[in-house]
Structures are given as structure tokens and as C-alpha cells.
Amino acid sequence: MAQGPAVVRRLTSLYSPMIQRSRVAWGAVYHTSNTKPTFAAIRAIFGRGVRKATIDLIKQHDPDVVLSVHPLLNHMTYQAIKQSGRPRALMTVITDLVDFHRGWTFSRADLVVVPTELARKVAIRRRVPPDRVKLLGLPVDLRFRPPAPGEKQALRRRFGLDESRFTILIVGGAAGAGGMLKQVRALASEPQQWQVVAVCGRNEKLRRRLVQEGLATPTLVLGFVDYMPELMRACDVTVTKAGPGAIAEALATGLPLVITGFLPGQESPNVDFVVKSGVGKFSPKDDELLEEIRVLAEGGPTWHEMSRKAAELAHPYASSDIARECLLLAARYRASAQASR
């Protein structure tokens, strides 16, 4: 969080370095914190400072709704609301796709927004009242959408890509993580029928290394970009780890996925979700990745079916739908506050 105890800000800043350097360590942290005793201890240790920071923000802005998008803040935020002087709504938007940390499901929240049917069932199983759970999808930028007729070819021209080649998008998040170097080498070190777009994020070392690779297959190497929706619409498949954001963005674009890895903990169920839903494949090894891309590059029934199912599962307007529910909650609480005066 941007405000609050310095130790909390320091701990949250360690997330990105940890997942890059030791996924096993992150898995241990996640599973340890996802037990009742440890979660209670976390609230006891950090609760006072987080509550104070939240109360200060509530006094400053006087909101009708407090919207939480972090699993460790729901209980503390609810307590802060109770100490804030008037009734306010607590709305939680779960940003993990299938299974998630126990901190997400706070039964006293006025509304818990879930991204998938599987997540809805988990929330109810964890004693969130069914009438307080809404399946609205994972919020993504509204620019993520399927390409219009002819748009894919136009975007490829814009990016200097071959209009007719099967196009693979390889991403590793803002940190350019997930073994991108090996993946690009597996798909582009030898001449292939496809072309590759590799987005390295803020990993400048990776970007420079890929530029110097001397790849035999046409490859566009990019750093951090703010036009990912356009890149996705220009491509035919995305290669990524099982992060919920990347998966939701691909679904909103109708783009099949090849998952190459996952973070232990909240991301491991995402692999099964992608595979069982028929929107992608799991290829953790480089030779498996190469073989899977060869099948998809043929452009036959496999690719078309995966693309169709991706579009069916998508919630491209989730951001707007969540905002609408937030405004409805705000109106309800505002009316209640005015009526009690």
C-alpha cells in the first residue's frame, strides 16, 4: 500500500524480487500465511498501523464505499470503517482466478466480486453469503477486445510484422520474468514458419540480450509497452506464465494461451482452469512449447476452437460492471446516511 507502516510498504515491495529469484520461497510464504493461526498473527502484528492509515484516508476522502483489492486488507479495512463515524460499504474484488488466499473471503463485506464460477463456489464454501457474491469477471483495461475484421493485419503492418505469418506473443509481466530467454530461443533460434513478439517489460538486460541473439526466425523485441491490447490483437497466441491478469487479458482478446509456468500458491489452479476450459495448453518444457506452437501454427480446428472458447469465457466489460456495482452500493449508503440525519 502507498500509505501505512513503513514495514508493510517494505514487505509489499519484496514481492516482485522474490517471485523472480525464488518461486519456491514465495510458495512457502503464501502457504504459511494461508493458515488460520498465521493469518490471525498477521492481523495482530500489522493491524493497528494499517487500520490507522485506513482511518486517516477515510477521514480525508469520506467515501461511501471502500473497495479492497488485496487479501490482507479486508478484515482491517472493515474494522477501520466501523471506527470511522458513519456506515460505509466494504466491497472486495478478488483478483485471483480460481482458488485464493483465505484473506479474500471476508463474510461481512457488502459485496464480493469473483472472476470465475469456480471462484464463486470457493467464496460460498468459505461462508460468504451467496447473495453477496457476484460473478463479474476480472477487471482489465477495456481496450482488450477481439480484433475487428482486417484489424489484425493492419496492426501487424503498424508494428512492422509480416501480415500472413502466424504470430506468437511472449510476455513475462512488467518484470520480464518466467524464463523468456529460453522460450524465445526455443521458438526462434532456428528458422520457423511463424514470427515472434517478445515483450520484456522493464527487464532491460533481457531486452538487450534478445536483440543481440541473432535469431533465425523474425522476432520483434520490445521493452515496457503501454499498447499491450493492440499487440494482443495483432497476435494469434500468447505464451505466458499463469498470472490471472495475463490470462484475463488474453480471454478478453479471444487469444489462445500456452502456459509455461506458475507461481506456487494462488497461480497453480490457473493452469488447470486454462487447460480444462479448452482455452490453452500447459507446456513447461521448451521442447513441449515448440511442439505445441507447431500444432497451433497450422491454424486448424485446434486453434479456432481454443479462440472461440476464450471469447466465450471472457468478461471484457468487467471493469465497467464492477464500477456500476460500486456506484450502486455508494448510492445505497449515501441515501441511508442522508435519511438518518
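The exercises below, each with a worked solution, deal with strands, a helix, two loop residues and a surface patch in a predicted model.

Residues are numbered from 1 along each chain as its sequence is written, and side-chain values use heavy atoms, with hydrogens and water left out. Because the model is predicted, local features need pLDDT of at least 70 and side-chain atom pairs count only at pLDDT 80 or more, while totals for chains, interfaces and linings use all residues.

**Exercise 1. The chain as a whole**

State how many helices and strands the chain has, and what share of its residues is buried.

Solution. Helices (H or I, at least four residues) and strands (E, at least two) are DSSP runs, numbered from the N terminus, and on this basis the chain has 15 helices and ten strands. Buried means under 20% relative accessible area, exposed over 50%, and partly exposed in between, with a 1.4 Å probe and protein chains only; buried residues make up 48% of the 341 residues.

**Exercise 2. From β1 to β4**

Work out how strands β1 and β2 pair, how β2 and β3 pair, how β3 and β4 pair, and which residues cover the faces of β2.

Solution. Two strands pair if DSSP finds at least two bridges between them. Strand β1 (residues 65–68) is joined to β2 in the parallel sense over four bridges, and Leu-67 has Met-91 of β2 as its bridge partner. The unit made by β1, helix α5 (residues 74–82) and β2 is right-handed, a term that applies if, with the strands pointing away from the viewer, the path from the first strand over the helix to the second runs clockwise.

Next, β2 (residues 89–93) runs parallel to β3, with three bridges between them, and Val-93 lies opposite Val-113. Three bridges also link β3 to the parallel strand β4 (residues 133–135), where Val-133 stands opposite Val-112. Between β3 and β4 the chain passes through helix α6 (residues 117–125) in a right-handed β-α-β crossover.

Finally, consider the faces. In a regular strand the side chains alternate between the two faces of the sheet. In β2, Ala-89, Met-91 and Val-93 are buried on one side, and Leu-90 and Thr-92 on the other; five of the five residues of β2 are buried, so this strand is largely enclosed by the rest of the structure. Strand β3 (residues 111–114) is likewise covered on both faces, with Leu-111 and Val-113 buried on one side and Val-112 and Val-114 on the other.

**Exercise 3. Two loop residues and a helix**

Is Asp-110 buried or exposed, and which residues does Asp-110 contact beyond its neighbours within four places in sequence?

Solution. Asp-110 sits in the loop between β2 and β3 and is buried, with a relative accessible area of 18%. Contact means heavy atoms within 4.5 Å, and, leaving aside neighbours within four places in sequence, the partners of Asp-110 include Arg-88, Arg-132 and Tyr-333.

Turn now to Gln-192, found in the loop between α8 (180–188) and β6 (195–199). Gln-192 is also buried, at 18% relative accessible area, and, not counting residues up to four places away in sequence, touches residues including Leu-187 and Arg-294. As for α8, seven of its nine residues are buried, so this helix is largely enclosed by the rest of the structure; among the elements covering the buried residues are β5 (167–171) and α13 (286–297).

**Exercise 4. A surface patch**

Identify the residues that form a nonpolar patch with Phe-282.

Solution. Phe-282 lies in strand β10 (residues 280–282) and counts as partly exposed because its relative accessibility is 32%. Its partners in the nonpolar surface patch are Phe-262 and Val-275.

How values were computed:
Patches are made of residues with over 30% relative accessible area and no salt bridge: like charges are joined within 9 Å, nonpolar side chains (Val, Leu, Ile, Met, Phe, Trp, Tyr) within 5 Å. Accessible areas come from the Shrake-Rupley method with a 1.4 Å probe; for residues, only the protein chains shown count as cover. A salt bridge is a side-chain nitrogen of Lys or Arg within 4 Å of a carboxyl oxygen of Asp or Glu.
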